[in-house]
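This report walks through a structural model, beginning with a single residue and moving outward to chains, interfaces and cores. Please have the sequence and coordinates open while reading.

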Amino acid sequence: MNFDLILENRDFFLRAAGYAVVIFVASTMAAMALSLAFGSLATVRLKLIRMPVRIVIEVFRDIPQVVLLFFIFFGAPAFGLQLGPLQATILCLSLWGGANGAEIVRGGINAVPRHQFESARSLGLGSFSIFVAIILPQALRPVIPAYAGLCNILMHSTSLGALVGVVELLKSGQIVIDRASYYQGGSPGLTVYGFILVVYFIAGLLMNAGIRGLERHLGRSSKR
Amino acid sequence: MTQNLDTAVIRTIGLEKYYGIHQVLFGVDFSITEGERVVIMGSSGSGKSTFIRCLNGLESTQGGHIQFHGRDIEALAERDWRPLRRRIGMVFQDFALFPHMTVLNNLTFAPVREGLMKKAAAEERALALLERVKLRGKERSFPSQLSGGQQQRVAIVRSMMMSPEVMLFDEPTSALDPETVGEVLAIIQDLTSEGLTSIIVTHETNFARKCANRIVYMDAGKIVEEGSPEKFFTSPDTERARSFIASHN
Amino acid sequence: MTGIAIDWNYFWSVAPLFLRGLELTLVLCLVCNGISIAVAYVLATILYFRTPVLCQLIRAYVSLIRNTPMLVQLFFFYFGLPEIGVAASPLISGIIVLTVWATAYQTENIRGAIEGLPPRLTEAGRSLGLRPGGLFVFVIAPVATRTVVPAMMNTIISATKNSALLSSIGVMELTYVAMDNIAESYRSMENFLALLICYLTIVMGLSAIVTLLERHLGRGYRR
């Protein structure tokens, strides 16, 4: 084990972690927007809209993330779309997260009792304002834990970027190992990958603590 | 005192129970002699359910004694409680049948598994007990296919498979629909009418009046009053018992 | 937009390659999920009985696997462990990592199902004088198994999809076959279409099994 290697490459790892954070934040935001939009569309009464939306969601959920990533990165040029590794990774995680998030949101909306809609209608509210003001808030609070689980997976999935050449944590580890074995001999894979596992583990703990705090906060404001 | 000790099947002396720092039993002195039917009443939170669960070793206690035929059993290890529990049957509020087993298997599983009965003998006894609670023909059904009252009748005979000396009933009708309460109470009355020692925690005042040899009234983790049903329901000594009776009639 | 046109002749010419990849993916799915479920039951049993030391070790293992990316675990195992002299072929490494990954999730599934059982079930068994072993094997485990099926199938599906990650260390499963074909022929659409069909078939097949299983297990049981 050779911990100096980690310290020597501190700045390199930090920059890589920065890329991981960028992928995570960007794709989480985009996924959230997609989840809300598609999750809502998947519950509309009109079958002509609902069915295609549900099929698209299902297809995106059923294919492995890495296949989706390769499709976007290697396949997109065929559609006239040339994406760099970073953009491709963010787009992949956004679409994947959006599809899985949409399924979570759909479940939440469907779990809101029907009479909520009917009683709001009897108050003379329009469909759209009923949906936004009455249904959505009730639908989203119970699905926060499931959504938090999704965010956890998205954080882990930033490592997929390595497979298309984003220098995020995993790729930075690979590079450090290659350099070390070229200049110093040996292969410090255990140390470097072990270090990266620990970084992800700690980041996960921090994020879970944050989510729990958020849940407590929301829980408090709902009870009164 | 020593004289009483000889006839008491179960006796508790100064029994204390804490949940963490929260005390729920404040020195309960109780005894039941062979063939007695004691009904424990009290408002919710009075500690009556906790108390009866202590008698089956399902709750640890932090002070006082539980005696079974004069022997201290409160500090027994789980392993040593096991043979005792076959002599002290327990019925729960929510039946607690094994959902994946047929009625017959619910009855025969424990005695056969623990090697106390041969399969054929267990089945024979099970069928006889089912006959007695008017559930013959339901032995192949699963619990979910029965009504609440039927499930509770199965639970009662399940705990009687090994011919216990004492039966504990923890609010056996609280989880039932009003229309099935009567059938379960009738079964309990029938099964215990031949002198089966039993302790019944219930809110059913009519049942208590008819069937109990003695009423024990608990409040705030203590026994505050006990006596015959006539005495308890017509002229209770304490104000707490009076208002309890008034609110349950 | 010429790239989107599918060359069906090429498509059918690579079908045999895909069938071989599909076979390996299915074998991975079967082997890794089979072993992981069996081991997870053992681990969940140890957790249930609160066996000292072992219990803490299992908790640490489950938490470590569930809180780190599988791809990093895979690299740690395949490229890292040789540093201390532990080396295995890509296929064996892949099977080990995927199994270890799935086992952690399945253990958590089973533990959760057991913890979710009404405490009265255990108490009823105890009050009937059942020994803990018999109570666990014949009551707790079978009842928990019925409630754990949906979560367990989810993990099976996730593990099967994650087998695609093994392509990154050279296991020649479906994704590897497709990427290899693309590198050779530059025909991405045909290969991605084939890949899509294969994965959709697998996942939908597994989902159909879930539905069947739930219906079967629900018989004579659900309220």
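In which helix of chain A is the place of A:Val59? A:Val59 is found in helix H3 of chain A, where helices are DSSP runs of H or I with at least four residues, strands are runs of E with at least two, and both are numbered from the N terminus.

## Basis of the model

This is a predicted model, in which local features need pLDDT of at least 70 and side-chain atom pairs count only at pLDDT 80 or more, while totals for chains, interfaces and linings use all residues. Residues are numbered from 1 along each chain as its sequence is written, chains are lettered from A and ligands numbered from 1 in the order in which they are written, and side-chain values use heavy atoms, with hydrogens and water left out.

## Two residues of chain A

With a relative accessibility of 23%, A:Val59 counts as partly exposed; the scale takes buried as under 20% relative accessible area, exposed as over 50%, and partly exposed as in between, with a 1.4 Å probe and protein chains only. Leaving aside residues up to four places away in sequence, A:Val59 touches C:Leu196 and C:Leu200, contact being heavy atoms within 4.5 Å. Within chain A, the C-alpha atoms of A:Val59 and A:Trp96 are 9.8 Å apart, although 37 residues separate the two in sequence.

A:Ser27, by comparison, belongs to helix H2 of chain A and counts as buried because its relative accessibility is 0%. Not counting neighbours within four places in sequence, A:Ser27 is in contact with A:Ile90, A:Leu93 and A:Ser94.

## Chain A as a whole

Chain A has ten helices and zero strands, and its C-alpha trace spans about 75 × 50 × 20 Å along the principal axes. Of its 224 residues, 45% are buried, and among contacts between residues at least 6 apart in sequence, 73% join residues at least 24 apart. The chain exposes about 11300 Å², of which carbon and sulfur atoms supply 67%, the accessible areas coming from the Shrake-Rupley method with a 1.4 Å probe and, for residues, with only the protein chains shown counting as cover.

On the surface, A:Phe38, A:Leu41, A:Leu46, A:Leu48 and A:Ile49 make a nonpolar patch of about 460 Å². Helix H2 (10–41) and helix H3 (47–62) of chain A are the elements that give two or more residues to this patch. Patches are made of residues with over 30% relative accessible area and no salt bridge, with like charges joined within 9 Å and nonpolar side chains (Val, Leu, Ile, Met, Phe, Trp, Tyr) within 5 Å. One of the patch members, A:Leu41, is found in helix H2 and is partly exposed, with a relative accessible area of 33%.

## Interfaces between the chains

Of the two pairs of chains in contact, chains A and C share the most contacts, with 33 residues of chain A meeting 34 residues of chain C. Chain A and chain C bury about 3100 Å² between them, 79% of it on carbon and sulfur atoms, where buried area is the accessible area (1.4 Å probe) that two parts lose on being put together, summed over both. On the chain A side, A:Asp62, A:Leu190 and A:Leu197 lose the most area to chain C, together 21% of what that side buries. The count of salt bridges between chain A and chain C is zero, a salt bridge being a side-chain nitrogen of Lys or Arg within 4 Å of a carboxyl oxygen of Asp or Glu.

The contact between chain B and chain C takes 29 residues from chain B and 22 residues from chain C, and the area buried is about 2400 Å², with 60% given by carbon and sulfur atoms. B:Arg82, B:Phe98 and B:His100 supply 23% of the area that chain B buries against chain C, more than any other three residues. Four salt bridges are found across this interface, including one between B:Glu114 and C:Arg131, whose closest N and O atoms are 2.7 Å apart. Chain A and chain B do not touch, their nearest C-alpha atoms being 25 Å apart.

## Nonpolar cores

A nonpolar core is a set of buried Ala, Val, Leu, Ile, Met, Phe, Trp, Tyr and Cys residues joined through side-chain atoms within 4.5 Å. Of the 116 residues in the largest nonpolar core, A:Val192, B:Phe98, C:Phe18, C:Leu174 and C:Leu195 touch the most other members. Helix H7 (residues 132–162) of chain C gives the largest share of this core, 14 residues. Apart from this core lies another, of 43 residues, among them B:Leu129, B:Leu130, B:Val157 and B:Ile215.
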